[in-house]
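User: I have a structure open and would like to go through its sheets. Could you walk me through them slowly?

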Amino acid sequence: MNTFSGGQGEPGRTSTSVAVSAFDVARVRGLYPALGDGWIHFDPQAGAQIPGAVSSAVASAFRGFVSNPNGVYAAAAHTRGIVQAARVAVADLVNGKPEGVVLGPSRENLLGGLAESLSARLGLGSEIVLCRLDDDANQTPWLRVADRGGGRVKWAEADIETGEVPAWQFGELVDSATSLVAVTLASSTIGTVIDVAEAARAAHEVGALVVVDATSAAPYELLDIERLGADVLLVSANRWGGPQVAAMVFRDPTIFDRLRPVNPDPAAQGPERFELGEHQYAMLAGLIASIDHLAGLDESSVGTRRDRLEHSMFGLRQYQQRLLYYLLNSLASAPQVAIIGRAERRIPTVSFTLPGVPASKAAKRLADNGVCALSNVPSRYFTGLGVTEFGGAVTVGLGPYSTPYDVDQLVRALASLG
(Lines give C-alpha, C1' and ligand atoms only; values in the text may rest on other atoms or scores of the structure.)
Protein backbone atom coordinates (compact mmCIF):
# COMPACT_ATOMS: atom_id res chain seq x y z
CA MET A 1 0.00 0.00 0.00
CA ASN A 2 1.06 3.55 -0.60
CA THR A 3 2.46 5.42 2.41
CA PHE A 4 2.59 9.04 1.26
CA SER A 5 1.20 11.59 3.68
CA GLY A 6 -1.69 13.93 3.09
CA GLY A 7 -5.27 14.74 4.03
CA GLN A 8 -8.49 13.78 2.32
CA GLY A 9 -8.32 16.67 -0.16
CA GLU A 10 -12.07 17.27 -0.18
CA PRO A 11 -14.84 16.19 2.15
CA GLY A 12 -17.24 14.88 -0.48
CA ARG A 13 -19.81 12.24 0.34
CA THR A 14 -18.65 8.68 0.77
CA SER A 15 -20.47 5.41 1.25
CA THR A 16 -21.54 4.72 4.81
CA SER A 17 -22.01 1.01 4.15
CA VAL A 18 -18.30 0.35 3.64
CA ALA A 19 -16.23 0.35 6.77
CA VAL A 20 -12.72 -0.11 5.44
CA SER A 21 -11.44 -0.58 1.91
CA ALA A 22 -7.79 -1.10 1.10
CA PHE A 23 -6.46 0.11 -2.21
CA ASP A 24 -3.18 -1.50 -3.26
CA VAL A 25 -1.84 0.72 -6.04
CA ALA A 26 1.14 -1.55 -6.67
CA ARG A 27 -1.17 -4.50 -7.38
CA VAL A 28 -3.46 -2.34 -9.51
CA ARG A 29 -0.56 -1.05 -11.61
CA GLY A 30 0.29 -4.65 -12.45
CA LEU A 31 -3.10 -4.95 -14.17
CA TYR A 32 -2.09 -2.40 -16.85
CA PRO A 33 0.44 -3.80 -19.36
CA ALA A 34 0.87 -0.38 -21.01
CA LEU A 35 2.55 1.00 -17.89
CA GLY A 36 5.59 -1.03 -18.80
CA ASP A 37 6.52 1.62 -21.37
CA GLY A 38 7.85 3.85 -18.58
CA TRP A 39 5.61 6.83 -19.38
CA ILE A 40 3.68 8.65 -16.67
CA HIS A 41 0.05 9.05 -17.70
CA PHE A 42 -1.85 12.10 -16.46
CA ASP A 43 -4.18 12.18 -19.48
CA PRO A 44 -7.23 10.01 -18.69
CA GLN A 45 -9.51 12.63 -20.30
CA ALA A 46 -8.07 11.47 -23.63
CA GLY A 47 -8.55 7.83 -22.61
CA ALA A 48 -7.29 5.96 -19.57
CA GLN A 49 -4.76 3.17 -19.92
CA ILE A 50 -6.34 -0.19 -20.76
CA PRO A 51 -6.18 -3.11 -18.31
CA GLY A 52 -4.92 -6.41 -19.63
CA ALA A 53 -8.26 -8.08 -18.90
CA VAL A 54 -10.03 -5.62 -21.21
CA SER A 55 -7.70 -6.05 -24.16
CA SER A 56 -7.86 -9.84 -23.69
CA ALA A 57 -11.67 -9.78 -23.68
CA VAL A 58 -11.75 -7.76 -26.90
CA ALA A 59 -9.21 -10.03 -28.60
CA SER A 60 -11.06 -13.17 -27.52
CA ALA A 61 -14.36 -11.79 -28.81
CA PHE A 62 -12.80 -10.94 -32.16
CA ARG A 63 -11.53 -14.51 -32.43
CA GLY A 64 -14.67 -16.05 -31.02
CA PHE A 65 -18.13 -17.18 -31.92
CA VAL A 66 -20.02 -13.97 -32.78
CA SER A 67 -22.35 -13.07 -35.62
CA ASN A 68 -25.32 -10.88 -36.48
CA PRO A 69 -27.72 -11.20 -33.53
CA ASN A 70 -30.79 -11.64 -35.72
CA GLY A 71 -29.99 -15.18 -36.76
CA VAL A 72 -31.36 -18.44 -35.34
CA TYR A 73 -28.01 -20.21 -35.02
CA ALA A 74 -25.76 -20.47 -31.98
CA ALA A 75 -23.39 -17.63 -32.95
CA ALA A 76 -26.33 -15.22 -33.18
CA ALA A 77 -27.56 -16.26 -29.74
CA HIS A 78 -24.06 -15.75 -28.36
CA THR A 79 -23.97 -12.25 -29.83
CA ARG A 80 -27.35 -11.40 -28.32
CA GLY A 81 -25.94 -12.58 -25.02
CA ILE A 82 -23.01 -10.17 -25.29
CA VAL A 83 -25.34 -7.23 -25.94
CA GLN A 84 -27.58 -8.12 -23.01
CA ALA A 85 -24.61 -8.69 -20.71
CA ALA A 86 -23.27 -5.25 -21.67
CA ARG A 87 -26.60 -3.64 -20.76
CA VAL A 88 -26.58 -5.45 -17.40
CA ALA A 89 -22.98 -4.39 -16.68
CA VAL A 90 -23.73 -0.71 -17.37
CA ALA A 91 -26.89 -0.94 -15.27
CA ASP A 92 -24.78 -2.26 -12.39
CA LEU A 93 -22.34 0.61 -12.87
CA VAL A 94 -24.99 3.31 -12.54
CA ASN A 95 -27.61 1.48 -10.44
CA GLY A 96 -30.04 1.55 -13.34
CA LYS A 97 -32.19 -0.92 -15.27
CA PRO A 98 -30.71 -3.01 -18.12
CA GLU A 99 -33.78 -2.35 -20.27
CA GLY A 100 -32.99 1.38 -20.05
CA VAL A 101 -29.39 1.11 -21.35
CA VAL A 102 -28.69 2.40 -24.85
CA LEU A 103 -25.30 1.43 -26.29
CA GLY A 104 -23.35 3.34 -28.91
CA PRO A 105 -19.91 4.22 -30.26
CA SER A 106 -19.56 7.53 -28.40
CA ARG A 107 -21.43 9.96 -26.17
CA GLU A 108 -21.40 12.45 -29.05
CA ASN A 109 -23.26 9.93 -31.19
CA LEU A 110 -25.78 9.12 -28.47
CA LEU A 111 -26.41 12.73 -27.44
CA GLY A 112 -26.79 13.78 -31.05
CA GLY A 113 -29.49 11.16 -31.54
CA LEU A 114 -31.27 12.14 -28.34
CA ALA A 115 -31.23 15.82 -29.31
CA GLU A 116 -32.75 15.00 -32.70
CA SER A 117 -35.41 12.89 -31.04
CA LEU A 118 -36.35 15.74 -28.71
CA SER A 119 -36.00 18.55 -31.28
CA ALA A 120 -39.74 18.99 -31.73
CA ARG A 121 -40.07 19.73 -28.01
CA LEU A 122 -37.19 22.20 -27.92
CA GLY A 123 -38.35 24.76 -30.43
CA LEU A 124 -39.90 28.21 -30.19
CA GLY A 125 -41.18 29.00 -26.70
CA SER A 126 -39.10 26.36 -24.95
CA GLU A 127 -35.97 26.84 -22.85
CA ILE A 128 -32.86 24.72 -22.34
CA VAL A 129 -30.56 25.12 -19.33
CA LEU A 130 -26.91 24.23 -19.96
CA CYS A 131 -23.83 24.38 -17.75
CA ARG A 132 -20.76 26.40 -18.63
CA LEU A 133 -18.46 23.73 -17.18
CA ASP A 134 -19.83 20.95 -19.36
CA ASP A 135 -17.97 19.44 -22.30
CA ASP A 136 -18.92 20.40 -25.85
CA ALA A 137 -20.46 16.93 -26.25
CA ASN A 138 -23.32 17.88 -23.90
CA GLN A 139 -23.63 21.45 -25.16
CA THR A 140 -23.33 21.44 -28.94
CA PRO A 141 -26.31 19.12 -29.74
CA TRP A 142 -28.66 21.23 -27.62
CA LEU A 143 -27.33 24.52 -28.97
CA ARG A 144 -27.82 23.22 -32.51
CA VAL A 145 -31.40 22.15 -31.84
CA ALA A 146 -32.26 25.42 -30.07
CA ASP A 147 -30.75 27.46 -32.88
CA ARG A 148 -32.67 25.55 -35.51
CA GLY A 149 -36.02 25.61 -33.72
CA GLY A 150 -35.87 29.00 -32.03
CA GLY A 151 -35.51 27.72 -28.47
CA ARG A 152 -33.87 29.80 -25.78
CA VAL A 153 -30.69 28.74 -23.97
CA LYS A 154 -29.81 29.71 -20.40
CA TRP A 155 -26.48 29.04 -18.73
CA ALA A 156 -25.53 27.89 -15.24
CA GLU A 157 -22.28 29.71 -14.54
CA ALA A 158 -19.23 28.73 -12.52
CA ASP A 159 -17.72 31.01 -9.88
CA ILE A 160 -14.65 32.78 -11.27
CA GLU A 161 -12.57 32.24 -8.14
CA THR A 162 -13.53 28.72 -7.05
CA GLY A 163 -14.88 27.11 -10.20
CA GLU A 164 -17.92 25.93 -8.25
CA VAL A 165 -21.41 25.99 -9.76
CA PRO A 166 -23.78 27.33 -7.04
CA ALA A 167 -26.79 25.03 -6.85
CA TRP A 168 -29.20 27.92 -6.18
CA GLN A 169 -28.76 28.98 -9.79
CA PHE A 170 -30.92 26.14 -11.05
CA GLY A 171 -33.87 27.33 -8.99
CA GLU A 172 -33.61 30.70 -10.72
CA LEU A 173 -32.85 29.44 -14.23
CA VAL A 174 -35.55 26.79 -14.42
CA ASP A 175 -39.10 28.01 -14.98
CA SER A 176 -42.34 26.87 -16.58
CA ALA A 177 -40.84 27.23 -20.08
CA THR A 178 -37.90 24.93 -19.33
CA SER A 179 -38.04 21.70 -21.32
CA LEU A 180 -34.58 20.31 -20.66
CA VAL A 181 -31.63 20.70 -18.27
CA ALA A 182 -28.31 19.30 -19.50
CA VAL A 183 -25.48 19.35 -16.98
CA THR A 184 -22.22 17.61 -16.25
CA LEU A 185 -21.69 15.72 -13.01
CA ALA A 186 -18.02 16.71 -12.91
CA SER A 187 -15.85 19.03 -14.97
CA SER A 188 -13.29 17.36 -17.22
CA THR A 189 -10.93 20.32 -16.85
CA ILE A 190 -11.03 21.65 -13.27
CA GLY A 191 -12.68 18.69 -11.54
CA THR A 192 -15.64 20.53 -9.98
CA VAL A 193 -18.45 18.20 -8.91
CA ILE A 194 -21.88 19.76 -9.46
CA ASP A 195 -24.97 19.25 -7.29
CA VAL A 196 -26.90 17.48 -10.01
CA ALA A 197 -29.60 16.32 -7.61
CA GLU A 198 -30.52 19.95 -6.85
CA ALA A 199 -30.68 20.74 -10.57
CA ALA A 200 -32.91 17.69 -11.07
CA ARG A 201 -35.28 18.75 -8.28
CA ALA A 202 -35.75 22.16 -9.87
CA ALA A 203 -36.24 20.63 -13.33
CA HIS A 204 -38.72 17.98 -12.24
CA GLU A 205 -40.91 20.56 -10.52
CA VAL A 206 -41.74 21.92 -13.98
CA GLY A 207 -41.67 18.60 -15.82
CA ALA A 208 -38.33 19.19 -17.58
CA LEU A 209 -36.05 16.36 -18.69
CA VAL A 210 -32.63 16.11 -16.99
CA VAL A 211 -29.65 14.86 -19.02
CA VAL A 212 -26.48 14.30 -16.99
CA ASP A 213 -23.09 13.70 -18.57
CA ALA A 214 -21.27 11.55 -16.01
CA THR A 215 -18.39 10.70 -18.33
CA SER A 216 -15.72 12.53 -16.33
CA ALA A 217 -17.07 11.41 -12.94
CA ALA A 218 -17.49 7.71 -13.74
CA PRO A 219 -13.82 6.73 -13.21
CA TYR A 220 -13.85 8.28 -9.72
CA GLU A 221 -17.36 8.30 -8.26
CA LEU A 222 -19.83 5.49 -7.59
CA LEU A 223 -22.76 6.47 -9.80
CA ASP A 224 -26.41 6.15 -8.80
CA ILE A 225 -28.91 7.38 -11.36
CA GLU A 226 -31.72 7.30 -8.78
CA ARG A 227 -29.87 9.39 -6.21
CA LEU A 228 -28.76 11.88 -8.84
CA GLY A 229 -32.29 12.27 -10.14
CA ALA A 230 -31.10 12.13 -13.74
CA ASP A 231 -33.62 11.10 -16.38
CA VAL A 232 -30.77 10.29 -18.75
CA LEU A 233 -27.19 9.51 -17.68
CA LEU A 234 -24.22 9.18 -20.04
CA VAL A 235 -20.89 7.43 -19.56
CA SER A 236 -17.99 6.62 -21.88
CA ALA A 237 -15.95 3.50 -21.15
CA ASN A 238 -12.64 4.81 -22.51
CA ARG A 239 -12.45 7.20 -19.53
CA TRP A 240 -12.01 4.32 -17.05
CA GLY A 241 -9.92 2.03 -19.25
CA GLY A 242 -12.59 0.47 -21.43
CA PRO A 243 -12.91 0.47 -25.22
CA GLN A 244 -14.40 3.26 -27.33
CA VAL A 245 -17.99 2.51 -26.33
CA ALA A 246 -20.53 4.75 -24.63
CA ALA A 247 -23.84 4.19 -22.89
CA MET A 248 -26.91 6.37 -22.39
CA VAL A 249 -29.04 5.16 -19.49
CA PHE A 250 -32.71 6.10 -19.10
CA ARG A 251 -33.93 5.99 -15.50
CA ASP A 252 -37.46 5.13 -16.68
CA PRO A 253 -37.29 2.73 -19.66
CA THR A 254 -40.96 3.32 -20.50
CA ILE A 255 -39.96 6.73 -21.85
CA PHE A 256 -38.75 5.05 -25.06
CA ASP A 257 -42.33 4.64 -26.21
CA ARG A 258 -42.96 8.37 -25.77
CA LEU A 259 -39.95 9.58 -27.75
CA ARG A 260 -39.38 9.73 -31.48
CA PRO A 261 -37.05 6.83 -32.37
CA VAL A 262 -33.65 7.30 -33.96
CA ASN A 263 -33.40 3.79 -35.35
CA PRO A 264 -35.24 3.63 -38.72
CA ASP A 265 -36.17 -0.02 -38.12
CA PRO A 266 -39.89 -0.02 -37.23
CA ALA A 267 -39.43 -3.30 -35.36
CA ALA A 268 -36.89 -1.82 -32.93
CA GLN A 269 -38.00 -2.01 -29.31
CA GLY A 270 -36.84 -0.46 -26.05
CA PRO A 271 -33.25 0.84 -26.10
CA GLU A 272 -32.80 -0.40 -29.66
CA ARG A 273 -35.00 2.52 -30.75
CA PHE A 274 -31.99 4.78 -30.01
CA GLU A 275 -29.26 2.58 -31.46
CA LEU A 276 -28.12 3.08 -35.06
CA GLY A 277 -26.38 0.36 -37.04
CA GLU A 278 -24.78 -2.77 -35.66
CA HIS A 279 -22.79 -2.82 -32.45
CA GLN A 280 -19.10 -3.56 -32.31
CA TYR A 281 -19.63 -6.76 -30.36
CA ALA A 282 -15.99 -7.25 -29.43
CA MET A 283 -15.98 -3.74 -27.98
CA LEU A 284 -19.03 -4.62 -25.90
CA ALA A 285 -17.14 -7.60 -24.52
CA GLY A 286 -14.40 -5.17 -23.55
CA LEU A 287 -16.98 -2.87 -21.94
CA ILE A 288 -18.16 -5.72 -19.71
CA ALA A 289 -14.57 -6.59 -18.78
CA SER A 290 -13.78 -2.96 -17.95
CA ILE A 291 -16.67 -2.69 -15.49
CA ASP A 292 -15.63 -6.00 -13.92
CA HIS A 293 -12.14 -4.51 -13.67
CA LEU A 294 -13.47 -1.52 -11.73
CA ALA A 295 -15.36 -3.89 -9.44
CA GLY A 296 -12.15 -5.80 -8.77
CA LEU A 297 -9.82 -2.90 -7.99
CA ASP A 298 -10.02 -4.06 -4.39
CA GLU A 299 -9.42 -7.80 -4.50
CA SER A 300 -11.15 -8.24 -1.14
CA SER A 301 -14.50 -7.03 -2.50
CA VAL A 302 -17.27 -9.63 -2.53
CA GLY A 303 -20.96 -9.95 -3.36
CA THR A 304 -22.83 -8.80 -6.44
CA ARG A 305 -21.07 -6.72 -9.07
CA ARG A 306 -22.78 -3.61 -7.70
CA ASP A 307 -21.57 -4.52 -4.19
CA ARG A 308 -18.03 -5.00 -5.47
CA LEU A 309 -18.18 -1.74 -7.38
CA GLU A 310 -19.25 0.09 -4.22
CA HIS A 311 -16.42 -1.43 -2.21
CA SER A 312 -13.71 -0.94 -4.83
CA MET A 313 -14.74 2.58 -5.84
CA PHE A 314 -14.79 3.61 -2.18
CA GLY A 315 -11.19 2.46 -1.74
CA LEU A 316 -10.12 4.04 -5.04
CA ARG A 317 -11.71 7.34 -4.10
CA GLN A 318 -10.06 7.44 -0.70
CA TYR A 319 -6.66 6.80 -2.29
CA GLN A 320 -7.12 9.29 -5.10
CA GLN A 321 -8.38 12.06 -2.85
CA ARG A 322 -5.22 11.77 -0.76
CA LEU A 323 -3.14 11.79 -3.92
CA LEU A 324 -5.11 14.78 -5.23
CA TYR A 325 -4.31 16.63 -2.01
CA TYR A 326 -0.64 15.85 -2.55
CA LEU A 327 -0.85 16.95 -6.20
CA LEU A 328 -2.53 20.26 -5.34
CA ASN A 329 -0.02 21.00 -2.57
CA SER A 330 2.89 20.12 -4.83
CA LEU A 331 1.63 22.34 -7.65
CA ALA A 332 0.87 25.18 -5.24
CA SER A 333 4.46 25.07 -4.01
CA ALA A 334 5.74 25.69 -7.52
CA PRO A 335 5.93 29.48 -7.96
CA GLN A 336 5.34 29.38 -11.72
CA VAL A 337 2.05 27.41 -11.46
CA ALA A 338 -1.39 29.04 -11.07
CA ILE A 339 -4.13 26.47 -10.39
CA ILE A 340 -7.53 27.23 -11.92
CA GLY A 341 -10.44 26.70 -9.53
CA ARG A 342 -10.51 25.44 -5.98
CA ALA A 343 -13.87 23.75 -5.60
CA GLU A 344 -14.41 22.00 -2.28
CA ARG A 345 -15.87 18.90 -3.88
CA ARG A 346 -14.01 17.69 -6.93
CA ILE A 347 -12.72 14.71 -8.84
CA PRO A 348 -8.91 14.36 -9.17
CA THR A 349 -8.57 16.55 -12.24
CA VAL A 350 -6.59 19.81 -12.21
CA SER A 351 -5.88 22.56 -14.73
CA PHE A 352 -3.26 25.25 -14.33
CA THR A 353 -1.50 28.01 -16.19
CA LEU A 354 2.14 29.01 -16.19
CA PRO A 355 2.45 32.79 -16.63
CA GLY A 356 4.72 33.56 -19.54
CA VAL A 357 4.83 29.94 -20.69
CA PRO A 358 2.34 28.69 -23.32
CA ALA A 359 0.51 25.55 -22.27
CA SER A 360 1.58 23.78 -25.45
CA LYS A 361 5.23 24.41 -24.57
CA ALA A 362 4.69 23.12 -21.04
CA ALA A 363 3.01 19.97 -22.36
CA LYS A 364 5.93 19.43 -24.74
CA ARG A 365 8.43 19.80 -21.89
CA LEU A 366 6.43 17.29 -19.85
CA ALA A 367 6.43 14.87 -22.78
CA ASP A 368 10.19 15.28 -23.15
CA ASN A 369 10.42 14.15 -19.53
CA GLY A 370 8.15 11.14 -20.00
CA VAL A 371 4.96 12.72 -18.65
CA CYS A 372 1.69 12.71 -20.64
CA ALA A 373 -0.54 15.73 -20.01
CA LEU A 374 -3.09 17.66 -22.05
CA SER A 375 -2.97 21.29 -23.09
CA ASN A 376 -5.60 23.75 -24.32
CA VAL A 377 -8.59 21.46 -23.76
CA PRO A 378 -11.64 23.24 -25.24
CA SER A 379 -13.67 24.87 -22.47
CA ARG A 380 -16.25 27.66 -22.48
CA TYR A 381 -15.31 28.31 -18.87
CA PHE A 382 -11.66 28.84 -19.84
CA THR A 383 -12.72 31.12 -22.67
CA GLY A 384 -14.77 33.23 -20.27
CA LEU A 385 -11.81 33.51 -17.90
CA GLY A 386 -9.53 34.61 -20.74
CA VAL A 387 -7.22 31.63 -20.16
CA THR A 388 -6.28 31.48 -23.83
CA GLU A 389 -5.01 35.05 -23.62
CA PHE A 390 -2.46 33.87 -21.05
CA GLY A 391 -1.12 30.98 -23.09
CA GLY A 392 -3.77 28.39 -22.31
CA ALA A 393 -3.99 25.75 -19.60
CA VAL A 394 -2.40 22.39 -18.88
CA THR A 395 -4.83 19.72 -17.66
CA VAL A 396 -3.82 16.66 -15.66
CA GLY A 397 -5.92 13.87 -14.19
CA LEU A 398 -5.21 10.92 -11.94
CA GLY A 399 -5.78 7.31 -12.88
CA PRO A 400 -6.06 4.29 -10.57
CA TYR A 401 -2.42 3.63 -11.45
CA SER A 402 -1.12 7.11 -10.47
CA THR A 403 1.41 7.41 -7.63
CA PRO A 404 3.16 10.11 -5.56
CA TYR A 405 6.28 9.39 -7.63
CA ASP A 406 4.33 10.39 -10.75
CA VAL A 407 3.34 13.66 -9.09
CA ASP A 408 6.94 14.37 -8.15
CA GLN A 409 8.06 13.79 -11.73
CA LEU A 410 5.37 16.15 -12.99
CA VAL A 411 6.43 18.94 -10.66
CA ARG A 412 10.13 18.45 -11.40
CA ALA A 413 9.47 18.67 -15.13
CA LEU A 414 7.45 21.86 -14.67
CA ALA A 415 10.21 23.35 -12.54
CA SER A 416 12.66 22.84 -15.41
CA LEU A 417 10.73 25.43 -17.40
CA GLY A 418 12.35 28.06 -15.19
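**Strands and sheets**

Analyst: Let me start with one pair of residues: D213 stands opposite L234 in β7. This is a predicted model, in which local features need pLDDT of at least 70 and side-chain atom pairs count only at pLDDT 80 or more, while totals for chains, interfaces and linings use all residues. Residues are numbered from 1 along each chain as its sequence is written, and side-chain values use heavy atoms, with hydrogens and water left out.

User: In which sense do β6 and β7 pair?

Analyst: They pair in the parallel sense, over three bridges; two strands count as paired if DSSP finds at least two bridges between them. Strands are DSSP runs of E with at least two residues, helices are runs of H or I with at least four, and both are numbered from the N terminus.

User: And how does β5 pair with β6?

Analyst: β5 (residues 178–184) pairs with β6 in the parallel sense over five bridges, and V183 has V212 in β6 as its bridge partner. Together with helix α7 (residues 196–205), β5 and β6 make a right-handed β-α-β unit, where right-handed means that, with the strands pointing away from the viewer, the path from the first strand over the helix to the second runs clockwise.

User: Is β6 enclosed or not?

Analyst: Five of the five residues of β6 (residues 209–213) are buried, so this strand is largely enclosed by the rest of the structure; buried means under 20% relative accessible area with a 1.4 Å probe, counting protein chains only. L209, V211 and D213 point one way, V210 and V212 point the other way, and all are buried. In a regular strand the side chains alternate between the two faces of the sheet.

User: What is the strand order of the seven-stranded sheet?

Analyst: This open sheet has the order β2-β8-β7-β6-β5-β3-β4, with mixed pairing. At its edges stand β2 (101–104) and β4 (152–156), each with a single partner strand, so one side of each is left without a neighbour in the sheet.

User: Which strand pairs with β2, and in which sense?

Analyst: The partner is β8 (residues 246–250), which pairs with β2 in the antiparallel sense over four bridges, and G104 stands opposite A246 in β8.

User: Switching topic, what is the order in the sheet of four strands?

Analyst: The order in this open sheet is β9-β10-β13-β12, with antiparallel pairing. β9 (338–340) and β12 (374–375) stand at the edges, each with a single partner strand, so one side of each has no neighbour in the sheet. Four bridges join β10 (residues 349–353) to β13 (residues 394–397), and V350 has V396 in β13 as its bridge partner.

Definitions and conventions: Buried means under 20% relative accessible area, exposed over 50%, partly exposed in between (1.4 Å probe, protein chains only).
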